[in-house]
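Let's take a walk through this structure together, beginning at the ligand and working outward. Keep the view open as you read.

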Amino acid sequence: MTKIVNSWNDFDPLKHVIVGRAEHSVIPPEEPATSEKVPIDSEMRGMWGPRPLETVEKAAAQLDFLAKTLEEHGVKVDRPTPLQWNQHIQTPDFRNDSMMTCMPPRDILLTIGNEIMASANSFRCRYFEYLAYWPLMKQYFDEDPEFKWTQAPRPRLTDKSYKHNYYDEQISLEERLERTANKDFVTTEVEPMWDAADVLRLGKDLFIQHGLTTNRTAMEWFKRYYPDLRVHAVNFPGDPYPIHIDATFVPLRPGLIINNPQRRLPEEQRKIFEANDWQIVDAAQPAHDTPPPLCYSSVWLSMNCLVLDHKTVICEASEVHQMEQMDKLGMNVIPVPFRDAYPFGGALHCATADVYREGGCEDYFP
Ligand code: NVA
């Protein structure tokens with residue numbers, strides 16, 4: 001019997017992974033969920049359509065290089081099958097003028113044990129993105145009799161799923177931070193909505209960021225779906241655009257997490273880590289002052305690294321401060337150039353999704 005799918009965390013030895021693809025990527029048109037997430041001063045506001053070919057080619061080359069590097073380190077790599085993202089989509093509840101991309105896979109696929117679940121994203125343009133992974137899911141399903149191939153309840157994403165005019169005025173950074181602190185986000189609670197990249201897996205415990213892409217109803221849904229796991233809602237008040245946990249709170253090995261110093265985990269939520277002798281250290285400063293052009297994410301993609309095992313980590317090759325910190329923390333660093341792929345949805349952790357890591361469901365916080 002072949003076991004293809006198994007992963008309980010982000011640091012046990014990685015043996016099999018999915019690396020995203022940039023081909024046919026589109027900057028999606030504004031919609032109720034996305035317009036709230038494009039920074040007000042971003043050159044991308046109001047812009048949509050296929051991404052410039054030259055940028056797609058550069059990103060594809062860096063993604064291929066990441067895949068090759070992983071293979072050289074003994075990790076099996078699979079790639080999704082992109083769709084023609086530049087086409088309109090429609091459901092009984094909404095119509096959108098285009099899709100987006102199959103980058104990054106981390107937003108869409110959540111691997112917990114022998115199950116890979118496609119998420120319940122709040123962006124309409126991402127509604128059919130899971131289809132790019134379905135050929136791989138079928139393959140794992142055929143090869144691994146224990147593999148659980150799952151789709152979370154599909155949100156309807158009607159107008160009721162969003163608070164309208166939430167950010168229509170040019171609101172200040174302070175106001176954004178206040179809303180984060182008050183856990184006041186653009187989605188409503190009419191249905192569970194979540195991105196897989198908001199879920200930090202640590203064996204028996206799931207730490208899930210409540211923010212612009214994951215709502216409270218999703219937390220409740222997780223609790224009921226995984227009764228044997230403990231679900232903790234976490235939030236990071238310093239983040240004006242709380243989207244995905246993996247440029248904020250990144251575990252390197254059992255007992256050690258790096259935390260974005262601008263988005264510190266509140267005291268109350270740190271207790272569970274401190275009580276179990278986990279160390280939370282401030283991540284190093286990013287090497288860049290700005291993200292690359294046409295990028296939705298912040299410079300903190302610097303800490304969005306991919307851990308291969310308890311002693312080895314892939315970092316972006318220009319992130320000299322982050323690499324130096326990894327070295328000091330006892331990690332061997334494999335540098336991989338990846339900034340050309342950032343605009344397509346993130347860095348090295350984002351661009352991948354776990355299929356197999358060694359190890360089981362540990363209880364790190366008994
Ligand atoms: N939204 C995060 C990126 C998450 C990978 C940021 O921009 O820092």
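Which residue has a backbone N or O atom 2.8 Å from a nitrogen atom of the ligand? That residue is Ile 243. Bear in mind that this is a predicted model.

Two side chains also approach the ligand through N or O atoms. In Ser 298, such an atom is 2.6 Å from an oxygen atom of the ligand, and in Arg 263, one is 2.9 Å from a ligand oxygen atom. The protein covers 93% of the 270 Å² of accessible area that the ligand has on its own. Around the ligand you will find Ile 243, His 244, Asp 246, Ala 247, Arg 263, Ser 297, Ser 298, Leu 301, Asn 304 and Cys 350. By character, this shell divides into four nonpolar, four polar and two charged residues.

Now turn to His 349, in the loop between β18 (332–336) and β19 (352–357). His 349 counts as buried because its relative accessibility is 9%, under the 20% cut-off. Beyond its sequence neighbours up to four places away, His 349 touches Asp 10, Arg 106, Asp 246, Asn 304, Cys 305 and Leu 306.

Next, the nonpolar interior. The largest nonpolar core has 33 residues, and those touching the most other members are Leu 202, Phe 249, Leu 252, Ile 258, Phe 273, Trp 278 and Met 326. Elements that each supply at least two residues of this core include β10 (199–202), β13 (249–253) and α6 (320–328). Another core, of 30 residues, lies apart from it, with Ala 33, Leu 109, Ala 118 and Phe 147 among them.

Technical notes. Residues are numbered from 1 along each chain as its sequence is written. This is a predicted model: local features need pLDDT of at least 70, side-chain atom pairs count only at pLDDT 80 or more; totals for chains, interfaces and linings use all residues. Side-chain values use heavy atoms; hydrogens and water are left out. A nonpolar core is a set of buried Ala, Val, Leu, Ile, Met, Phe, Trp, Tyr and Cys residues joined through side-chain atoms within 4.5 Å. Buried means under 20% relative accessible area, exposed over 50%, partly exposed in between (1.4 Å probe, protein chains only). Helices (H or I, at least four residues) and strands (E, at least two) are DSSP runs, numbered from the N terminus. Contact means heavy atoms within 4.5 Å. A residue is near a molecule or strand if one of its heavy atoms lies within 4 Å of it. A polar contact is a pair of N or O atoms within 3.5 Å; within protein, one must be able to donate a hydrogen and the other to accept it, and residues adjacent in sequence count only if both atoms are side-chain atoms. Accessible areas come from the Shrake-Rupley method with a 1.4 Å probe; for residues, only the protein chains shown count as cover. Ala, Val, Leu, Ile, Met, Phe, Trp, Tyr, Cys and Pro count as nonpolar, Asp, Glu, Lys and Arg as charged, and the others, Gly among them, as polar.
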